[in-house]
Amino acid sequence: MGFVKKDKTIRNTLGAVTPADFEKLRQLRKMQAVALWLLFTMAIVFAISFSLQDRYPVFGFIRAASEGGMVGAIADWFAVTALFRHPLGLKIPHTNLIARKKDDIGEELGSFIEENFLSEEVVYDKLATISGARQAGEWLSNRDNADKINVFVSEVAVASITVLSDSDVQDLFESIVRRHVISPEWGPNIGRALESMLQSEHQSTAVDILADHLSDWLRNNPVSFEQLISSRLPTWVPSFANRFVDKKVHSETIKLLDGVRGDPDHPLRSTISNMLHDLAEGLQTDPALQKKVENLKHEIFTSRRVRELLGDIWSEARSALLTMLKDPESELRLRLTGVIQDGGSRLAEDTTLQYKIDVWVMTAISYLVRTYRHDLANIVSETVHKWDATEAAEKIELQIGKDLQYIRINGTIVGSLAGLTIYTIAVFVSGMFA
C-alpha cells in the first residue's frame, strides 16, 4: 500500500478510492450521525427533566436515564475515537492506539497468521478434506476450460518464442550438440551399438534390404551399370568384348544378390558379419581407427555449413511454431485441446492417479508451509511497517468504523438503563430508611 500526504478535504474521506470504499464511508457517516443524534436527544431530555424533577418527581427517573445515556455515549465515543486518533486533538495517554501501535499490530497479525493459518497441521487437515486432483480433472475435461488453458499456453509459448534471440537459440543448440554429440567419443559408442546389433543378428535384415534394393536397381538400370563397368576397362579392349563383360558382370551380380536373398547361410552373409564384428571390435579397441572416427567427426561439426544448417532448422521451426500457435484451428492447437481434455477426463476417473497427485501436492505444500511460513508471515508485518501510521488508522476505520458506531449506540442505551436502574434502586433504598 503506497501512502501519500493528504489535505484536510481528502482526509475526511478516510482514504476512500473505489465506489465500494465510498459506500462504506457513506454508511459510516450515517451511523455516526445516528449515534450523535442519540447523544443530543439524551442531552435535551436531560435538560428538560432536570428542570422539572423538583416539581414532578417522575422526571427524576427520566433525568437519571438520560444522564446515564449521555455518560455512556460520551464514554464510548471516547473509546472508539481513541482507537484511531486523539479525541478533540488532545494527546491524552493511551489514545490514537492504531497509529501508535501500528508496528506492534503488524507483528501480532503476522504471528497470528503464521500460527493459526499457516501451521502445517491446519493446511494438511484442510487439504485432506478435498480431492484437488479430481476437481482439477473435472474442470480440465470441460471443453471451454480446456480451450482457456490452450489459449494461455499458446500465448505464453508465442511470447517466449518471440523474445528469444536467434543467436542465443543457435548458441544453445550448439552447446547441446557439443556436449552430447561432439564431446563424447564416437568410436567406442558406435562399436558398442554395432556389437549389440550383431548380437541381435539385425545385420541379416539389413543385408536382405540391401540385396533387395540392389537387385531391383540392377534389373531396372542395366545400361547404367554396364556403362559403369565399361568405363573401368582398358581402352584397347574391343567394343564387343566390353559388351560381353558388361552383360556377364551384370548377370552374375544379379545371381549373387538373388543367392544372398534366398540363402540365409550364404557365404557373403558370413563375410559381411565377420567384417562388421571386426569393425565393432576395432572401434572399441583400436586407437588408430578411433582417431580416424574422431577426425571425421570434428571435420563434420566444425564445418560452417553445419552451423548454418542449425540456424536454418531453428528459423524454420520457429516460423512453423508461431504460425500454428497463433491459429486456433491449427492441428497443434486442436490436438493440445484434445490432450488437455483427455488428461482431465483420465484424472477425473482414475482414483489411483488422483491419490498419487493429491499426496504429492499435500507433501509439497506441507514442505513449503513448514519451510517458508515464517517468511510469508513476515510479508504481512513488513507491509504494515511500511504503512503511514495516520493513513493506516484511517483505512482501518473506513473498513470497520460502521460496526464500531454500534458500540456508541449500545453505550447510550445501556447507559440509560444503568442510570435508570441505579436511580430506581437509590430511591427505593432511601424510601425504606425514610
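How many salt bridges does a search of the whole structure find? In this predicted model, the search finds 7. Three of these pairings are described below, followed by a nonpolar patch on the surface.

Side chains of opposite charge can pair when their charged atoms come close. One such pair is made by Arg134 and Glu138, whose side chains meet in a salt bridge with an N to O distance of 3.1 Å. Both residues belong to helix α7, which covers residues 132-140. Arg134 and Glu138 are 4 residues apart, about one turn of the helix. Arg134 has a relative accessible area of 31%, so this residue is classed as partly exposed. Glu138 is also partly exposed, because its relative accessible area is 42%.

A salt bridge is also found between Asp147 and Arg143, where the closest N and O atoms are 3.6 Å apart. The two residues lie in helix α8, made up of residues 143-163. Here too the spacing along the chain is 4 residues, or about one turn of the helix. Asp147 counts as partly exposed because its relative accessibility is 27%, a value that falls between the limits of 20% for buried and 50% for exposed. Arg143, at 41% relative accessibility, is likewise partly exposed.

In helix α17 (residues 331-349), Glu331 and Arg335 are placed 4 residues apart, about one turn of the helix. The side chains of Glu331 and Arg335 meet in a salt bridge, at 2.7 Å from N to O. The two partners fall into separate accessibility classes: Glu331 is partly exposed at 47%, whereas Arg335 is exposed at 55%. The reason is the cut-off, because a residue counts as exposed when its relative accessible area is over 50%.

The surface also carries a nonpolar patch, formed by Tyr367, Leu368, Tyr372, Leu376 and Ile379. Together, these five residues have about 480 Å² of accessible area. One of the patch residues, Tyr367, is located in helix α18, which runs over residues 351-386. The relative accessible area of Tyr367 is 43%, so this residue is partly exposed. Tyr367 can be counted in the patch on the basis of accessibility because patch residues need over 30% relative accessible area.

How values were computed. Residues are numbered from 1 along each chain as its sequence is written. This is a predicted model: local features need pLDDT of at least 70, side-chain atom pairs count only at pLDDT 80 or more; totals for chains, interfaces and linings use all residues. Side-chain values use heavy atoms; hydrogens and water are left out. Patches are made of residues with over 30% relative accessible area and no salt bridge: like charges are joined within 9 Å, nonpolar side chains (Val, Leu, Ile, Met, Phe, Trp, Tyr) within 5 Å. Accessible areas come from the Shrake-Rupley method with a 1.4 Å probe; for residues, only the protein chains shown count as cover. A salt bridge is a side-chain nitrogen of Lys or Arg within 4 Å of a carboxyl oxygen of Asp or Glu. Buried means under 20% relative accessible area, exposed over 50%, partly exposed in between (1.4 Å probe, protein chains only).
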